[in-house]
Amino acid sequence: MNSEVAQQNGSDNHEEVPLYAEAFPALAPVNRSGSPTAIANEWVNPKVQRLKSSVVTQLFQIPMEERAFKHTENFGQSQQDQNKACLDIMQKTGAHIEMSTCKDGSLSLLVSGQLDAVLRARRDIFNRLQTQARVTLDIPKEHHRVILGKGGSKLQKLELDTATKINVPRQEDTSRTITIIGTQDGISRARHEIQLISEEQSKLAIEKLNVEKEFHPFISGPRNQLSQKIEQENGVRVHIPPPSVRKNEIVVTGDKDGVTKAVKIIKEIHQRKKSRCTIINIEVNKTQHKYVIGQRGSTLQDILAAAEVSVEVPPSDSPSETITLRGEPDKLGQALTLVYAKANSVVLREVKAEAWLHKFIIGKKGANINSLTQNLKKVNIEFQAEENKIVVEGPPEEADEAQANLQKQVDDLKRQMNFAEVNVDPKYHKNIIGKGGQNINNLREKYKVNIRIPPDTEKNPTIRIEGDPEGVKETRKILIEISQRMENERSKDILIEHRFHKNIIGAGGDNIRDIRKQFEDVIISFPEPSSKSDVVNLRGPKQNVDSCFKYLKKMHEDMVAKNYSIQVPIFKQFHKNIIGKGGANIRKIREETNTQIELPTENSENEVIKITGRKEDCEKARKMIRDIEKQMIDIVEESITVSQKLHNSMIGTKGKFVRSIMNECGGVHIHFPTEGSGSDQVVIRGRKEDVARAKKELLDLAHSRELTSFTIDIKCKPEFHRFLIGRNGATIRKVRDETGARIIFPQQGDAEKDTISIVGREDEVKKAEGKIKDLIKDLENIIETTINVPQKYHKHFVARRGAVLRDLSDEYGGVTVSFPRQGQDSEAVKIKGAKDCVAGAQKRIEEIVNDLENQVTIECIIPEKFHRTVIGTKGAKVQSITSQFDVQVKFPDRGPGNGPRNEQEPSGEQEQQEKEEEKRPDLILITGNKDKCEAAKQALLALVPISEDVEVPFKFHRYIIGQKGAEVRRMMEEYDVNISIPQADQASDFITITGVAEKLGAAKEGMKEKVKELEKEEEDRLLRSFVLEVEVNAHFHPTIIGRRGVVVTEIRKKYDVNIQFPDRGDENQNLIKIIGYEKNTEDARKHIVGMVSELESHVSQDVHIDRRVHPRLIGAKGRAIKKIMDEYKVDIRFPQNQDLITVTGTQERVDECIEHILNLEEEYMQDIVEREENSRYTRSSGPSSNRGNQSNQQPFVVRGAPWQQVDTNSMDDFPSLGAATTQDSNRGGGSAWGRKH
C-alpha cells in the first residue's frame, strides 16, 4: 500500500521520491579532532529539510609550530598576551571565542556568533594568533595588471579567498617581485592562483611595429575598415595611434599565431605603399582647410576611399597652408581634383561693422538677419564682436549676395544711429539706474536710446549709449552731470533714538517732507521700524549733508530735553480743579510750560499726573499744579523713620494695611522706599492734620509690629462696611481708640470683599471684635420709611431697567426702594433696610431730586448716518459717556420702517415735541448738569467719523486686502477704522479710511508704513529672481538631490535659493537653474560644483548579488541599506530585475562595503535556501487549511523505508494474539510474542 502511495505521489508531483536513507541518513563518523567529516555528513542533502540558527559556530585549529604566542622566559606571559588578543578580537567583532590547548600543543578555538562576525573573527585570529609566513614570486611586470584586475577587484577577491595579504609593486616601480604574507595553506593557494594567471598571460604575444606616421591611413583603411578586417580574420587587436598623436608605433596583441599573421599583412602593406607612393604639395588658403578635412575628418576618409590617396593637412595652430597628397601616381590626379573641389565649395566674406551695430542687424529675436538670409539657405553668418566684423560663410554666389545685403544695412544704420561711452564709477551705477530701474527707463523713453550698464560683478565703469544721435548726445550730457554730482556727494550717519523717529517724520510724513524741502539735495533714510535701530543715514553734497546733520542733531537734542518726565501725585478729588472749567487750567499750564500733561481717567484709581517736557519746564508745571492743589487744601509733606525690615509687614498683602491707613487718614499719600534701596525713610503727604494722624498710625503700627501681634477676621456684608466706618471714619476711629486695635477693611481689588481684619494684641483684638459684631447686629435691624418724590422724576429712577435703584441698593447696604406703580397718583416712595442704610439712601434720593430740578437740556447736531457709529456696539460708546458725565443722552427715534416706536400713547405736549424731533433727525438731546452736558456734547462730537483718502498704488491693493480679506480686517481692528478699497476695474491709486479723528491719523500712518513695506518686498522679489545656470552631468543629479530631496533641500535652506532640475522632456538634461539673490546663487553654485568634483573622484563597482537577497539588504523602508551606506559613506543602487548592485564611493570604502555585503549575502542565501526547502516538505497544520485543501494535500513519502521491507502478512513477524496453533505447539510450545532467540 505504501509503495502505491509513493507511486501516486510521484506521478502527481512529477518529482523523484527520496529514499529513506537519503531523508534520514545515518550520523557521520567522528574523526580524530572530534568534528564530523564533510564527506560522510549526508544531512547537508538539499532534498532534506534543514533548520539553521542565525548563530553559527566554527572550529579553528592552530598547530603548535605555527602558534604566535609560545612559551617565553617570563612564566605565563605568553598566555596573558594570547588571552588579551582573544578579548580584543571579541570586542572588535562581537563574536564569542572559546580557546583551549590540545595535548599536542596545538591551539583549538571555538568561535560562535553571526556569520559576518565569525568571518571577521577568523581573519583576526589567523593574523594575530598564528605565525605569518612570507613568500615572494617573480612575475613578469606586464602580468601584474591582470593579477590586480579592474580597480584592484581581482586581487582583493584573491586575498579574501585565501586569507592572505598580497603586495603588488606600483606601476611606476620596475620591480617584478610579488610578496604573499599569511598562513602556509593560504600562501600555497594564493601562489597557485597567481602562477596560473601568469601562465595564461605568457601564452599571449605582443608585437610592436615601427611604421611611419604617413602610412598609417593605408594600414587602417577608410574609416578603419582594413584594420578591423585584420583583427577579425586573425583574432588579434591592432592599435594604431590617432592622427593627433605623433607616434609611429603600431601595437598588435593576441594569440602568437594570429599576431604573426597580422604583422606579416601590415608589413606587406607598408612595404608596398612605401615603394609605390609619391607625394604632391599644394597651397590652399588656411581658412579653406576645414572644408578639406570635413566634419571629424569625414572628407579625408571619403578621398581615401575614393582615390586610395592620403591627404595630410597641417595642424590648425601651424601657419603653413601646404596640403600634402600621398598615393600611387595614377590615383593622385583624382585625389587632387577632389581636394580642390572641397576647398572651393565654400568661401568666406567679411563685413566691417562695429560691435554695437550687431544687435540692430540681428533684430528682435533674429527677425532682421532672418529676412536677409531667408533665400540663402546655405549661408552661415557669424558675428564677431571682438574684431568688429561679420563673417559670411557659404557657396560663392550666396555668400557674395549676403555680403552685399549686410554692407547696405550697416551703411544705413551708421547714417541713422550713433553711440557714445561714459565712464562712471561702478558704485554710482545703482543711482543712475534708480529704484526699480525708474531713472534709466525714463532716460530711455525720453531720448529713444539704449543704455547699457555693465553688471556689478564686472566692476566696469563704461556705460554705453546707443540710438538717435541727438538722444545719445543729451543722454551722455545728463549721465556726466549725474556722475559729477554723485562724486561730490558724501554719506553720514546720525544717531537719533528710535522713539523719536515718528516725531521727526510727523503725521503723514509732514515734518520730514518739510525737512527734505529745506535740504532738497540730501537723501534722508530712516531704518525699518522693526529693526529698532537708531541710525539715520544722510547722503548728498557734503555741505548740504553737514547742514542737515546739524539741524537734525539739534532737533534730537531738543526732543531729548523735551521728553524729560516726572510723576506728580495729586489727590484724586482735586484733579478736576487741575483741569479747570472746560480744561482752562490744564490748557494754561501746558501753554505756559510747553509740556505734555497726562491725567489718569476719571474712573481710574490712579492719582499720579505725568508731566513730559524739558526738565525746567516740567519742574515749573509741577509747581503750578501743586499751587492749585494748595489753594484747595493745605498740603504738607513729612518723613518718618521706620526700620526697613518692617516695611513689608506694614504694607500688607497687596498693600492692604497701608491703603487702609491712607483711606482712614483723609487719603494721604504714603510712599515707602523701593525694596533694596537701604533707606528707612517713609514719606507722608497730605493735609496737615491728616499727615499727623497717618504719622501716628504708622508709628503705632510699626511699634505693634515690633511686639507680638494678633489677627482675627470677621465676616460682614460689603454693603455694611461704609456704615461701620462712619462719616469720615468716625465710627471705626472710635472703636480703634477704645480698644487700641487696628481694623482693616477690604479694598476694591481684594478677592474677599466680606472679610474685615483686626490686628493688635490679643486682648485688644477680642475687645474690638465684640464692638464690631454689635455694630453689625444693629445694621441687620430692618426699618421702613417713606419720602415724597414728585411724579415727574419717577421716570429717572426706574429708567434703564432701574439702574439708579440698583446703584442705591449696592451703595447703601442692599436697601429696597419702591416707587408707586404707573398710573397711580402718588408721590410716596418707600425705603426698607437697615436703619443707617435707609437714612443714607433717603439722603441720596433727595440729592438726586435736587439735581433733577436744576438740570438743563442742550442740543447736539450729528448727521443721522453717523448715529449708529456714535452709539457703538450695543450702545457701549454712548453708555460710557452717560456714566462718565452723569447725563442722559436721547437720540431721535427711528422711522416706522426702521424700528418700533414707543408703545405708550404720548401726551399732547410730548406728541408736539416728537413731531419737532421727527422734522430734525440729526438732533440729539443731552440732559444733566450744564457743565457736564457741554463736556458730554464734545465727547459725542469726537465720536463722529471722518473720511480721508490715502494714496496706495493699485498694484498693492491685493496685498492690502490679504488672503480672504484677512489683512484689511486686521488693520481695521487694530486702528478701529473702516477701510474702503475701490473695485479692481477702477484701477484707482487711492484707498478711503473712515474713523474718528484721533484714530484716523494712526491709521493713515499705518497704511503708509504698509505701502513702504510692500515696496521693499517688491524690490526684494526682483533681487531674489536672479537666475544662474550651471552645467552638471545628469548622472550626478540624483546624488545632488539626495534621498527624498534631503541634500538639495539642505542646500536650498543654507543658501536661501530655489534649485530647479531639468524635466524629462527638456533638451538640455545637464542644465540646473539656481534662483535667488545673486550672491546666494553663486555660493550655491560653488557648493554644487564642489559636490560634483568630489563625485567625479568616486568609483563605481558592480557586485553580483542574488536578487533574492535584495529585499533583506534593503530592509523595512530602506533602513538596513541606509545604515550600510551611512556606515561606509557610499551610495548603493539596485538595478531592476538583475543580480547586481552598484556601489559608488571612494575606492577604500567601496571595497570595505562590498566585503560586508558579500558576507551578508552568504548568510541570507543560506536562510533563503533553507526556507525554500522547508516549503517543499512542510504542510499546513491549521484546521481551516485541512478542510479547504484536503484534496490537494500530499503525504510525505519515502522509498525503501524499513516498514516497506517487512511482510505484514507473515505470521512469524506479526502472529495472532489468540491461542497457539498445533503447529506452534509442535514447534516450541511457547507464544509467538515471546522472546526471540
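## Exercises on salt bridges and a sheet

Arginine 970 and glutamate 967 are separated by about one helical turn because they sit three residues apart in helix α39 (residues 966–975); helices (H or I, at least four residues) and strands (E, at least two) are DSSP runs, numbered from the N terminus. The model is predicted: local features need pLDDT of at least 70, side-chain atom pairs count only at pLDDT 80 or more, and totals for chains, interfaces and linings use all residues. Residues are numbered from 1 along each chain as its sequence is written, and side-chain values use heavy atoms, with hydrogens and water left out.

**Exercise 1.** Describe the contact between the side chains of arginine 970 and glutamate 967.

Step 1. The two side chains form a salt bridge, at 2.7 Å from N to O. The criterion is a side-chain nitrogen of Lys or Arg within 4 Å of a carboxyl oxygen of Asp or Glu.

Step 2. Glutamate 967 is buried, at 17% relative accessible area, while arginine 970 is partly exposed at 38%. Buried means under 20% relative accessible area, exposed over 50%, and partly exposed in between (1.4 Å probe, protein chains only).

**Exercise 2.** Locate the partners of the salt bridge between glutamate 738 and lysine 771.

Step 1. The closest N and O atoms are 3.0 Å apart.

Step 2. Glutamate 738 lies in helix α30 (residues 730–739) and lysine 771 in helix α31 (residues 762–779); the pair, 33 residues apart, links distant parts of the chain.

Step 3. Glutamate 738 is partly exposed, with a relative accessible area of 36%. Lysine 771 is also partly exposed, at 28%.

**Exercise 3.** Work out the strand order of the open sheet that contains β37, β38 and β39, then place helix α40 against these strands.

Step 1. The order is β37-β39-β38, with antiparallel pairing. Two strands pair if DSSP finds at least two bridges between them.

Step 2. β37 (946–951) and β38 (978–980) are the edge strands, each pairing on one side only. From one strand to the next, the twist averages 25°.

Step 3. Six bridges join β37 to β39 (residues 990–995). Aspartate 949 stands opposite threonine 992 in β39.

Step 4. Helix α40 (residues 997–1024) lies across β37, β38 and β39, and runs at about 150° to β39. Axes are lines fitted to C-alpha atoms, for helices over the stretch in contact (heavy atoms within 4.5 Å); angles run from 0 to 180 degrees between N-to-C directions.
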